[in-house]
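Please open the structure in your viewer and keep the selection tool at hand, since this tour goes from one selection to the next.

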Amino acid sequence: MTTHSLASLHHQYSFLKRLSNSESIPLPPSSLFLHPYPSSSSSSTTNTTSSTTTTFSLSPTTSSSTPTTSNPISFDTLKHHLSTQNFFQADEETRRLLIVLAGEAAQKRRYVFFSEVQFISEADLKAIDELWKQYSNNKFGYSVQKRLWQKANKDFTKFFIEVGWMKKLDTEIEQYNYRAFPNEFTWELNDETPEGHLPLTNALRGTQLLNSILSHPAFEGEEDEKEAEVKGSLRDNGPKPLSSLFPKPDYSF
């Protein structure tokens with residue numbers, strides 16, 4: 001039965017071919033569903049000749065050059081920019097890395113939702129932070145920003161002023177406004193550069209993303225020095241009992 005079916009299919013194809021030759025009717029393209037593109041996947045069907053190898057697979061929904069979270073992430077580019085003091089490109093690379101680490105949805109969207117920060121591993125976020133601290137003499141990095149944020153009692157307006165993301169306006173009343181990107185930010189490391197100035201996190205549409213980054217488990221050990229001092233002060237000089245407010249009676253007479 002199988003032999004008859006194959007013979008029938010061959011007969012129909014031969015008929016269509018003769019018909020197309022006589023009436024100029026185009027045959028369906030052989031690449032209607034399969035498209036060749038470079039790939040190293042072992043699950044693809046491979047057609048090998050003596051000189052070249054072409055891998056065929058179903059048309060991919062995303063470009064093969066788009067990085068995914070399943071592939072190992074390289075921090076070499078970030079390290080290069082930081083080691084050469086190219087802080088602008090390092091900031092751009094940091095933003096790209098966060099998008100890659102946040103997952104495929106962030107890659108397609110090209111920016112990160114605050115709810116996706118939880119999918120970034122502690123090791124990867126710490127690696128980015130350590131590179132920033134290493135090549136800035138501990139002046140830049142997320143952990144540095146978290147310490148300053150806690151020092152400002154997690155008040156983002158005070159934090160933005162502290163790290164130089166907002167500038168004071170020339171008005172009678174003390175007012176501040178966000179700096180314009182990129183010209184009004186500092187892209188060099190010197191004594192006048194505010195601590196925690198880099199890397200930047202866009203907060204024009206809200207502070208949820210920055211909050212999620214600074215609250216990430218990767219930086220849970222960064223305790224506010226001021227808060228630690230207050231706790232220590234309370235332990236040493238805590239509220240005294242009421243009995244201490246009155247002189248102790250002397251019964252020695």
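Leaving aside residues up to four places away in sequence, which residues does glutamate 93 touch? Select glutamate 93 in this predicted model, and you will find Thr77, Leu78 and His81 in contact with glutamate 93. Glutamate 93 lies in helix H3, which covers residues 87-102, and it counts as buried because its relative accessible area of 8% is under 20%.

Next, add arginine 96 to the selection, whose side chain meets that of glutamate 93 in a salt bridge with an N to O distance of 2.8 Å. The two residues are 3 apart in helix H3, so about one helical turn separates them. Whereas glutamate 93 is buried, arginine 96 is partly exposed, at 37% relative accessibility.

Now show helix H3 together with helix H5, residues 122-134, and look along their axes, which come within 11 Å and cross at roughly 175 degrees; H3 is therefore roughly antiparallel to H5. The residues of this contact comprise 8 nonpolar, 1 polar and 2 charged. Among those that meet are Phe87 and Leu101 from H3, and Ile128 and Trp132 from H5.

Finally, stay in H5 and select lysine 133, which is buried at 15% relative accessibility. Its side chain meets that of aspartate 129 in a salt bridge of 3.7 Å, N to O, and aspartate 129 is buried as well. A salt bridge of 3.4 Å, N to O, also pairs lysine 133 with glutamate 130, and glutamate 130 is partly exposed at 44% relative accessibility.

Conventions
Residues numbered from 1 in each chain as written. Predicted model: local features only at pLDDT ≥ 70, side-chain atom pairs only at ≥ 80, totals over all residues. Heavy atoms only, no water. Helix = DSSP H or I, 4+ residues; strand = E, 2+ residues; numbered from the N terminus. Buried < 20%, exposed > 50% of the residue type's maximum accessible area, 1.4 Å probe, protein only. Contact = heavy atoms within 4.5 Å. Axes fitted to C-alpha atoms, helices over the stretch in contact; angles between N-to-C directions. Parallel < 35°, antiparallel > 145°, perpendicular 65-115°, else oblique. Nonpolar A, V, L, I, M, F, W, Y, C, P; charged D, E, K, R; others polar. Salt bridge = Lys/Arg side-chain N within 4 Å of Asp/Glu carboxyl O.
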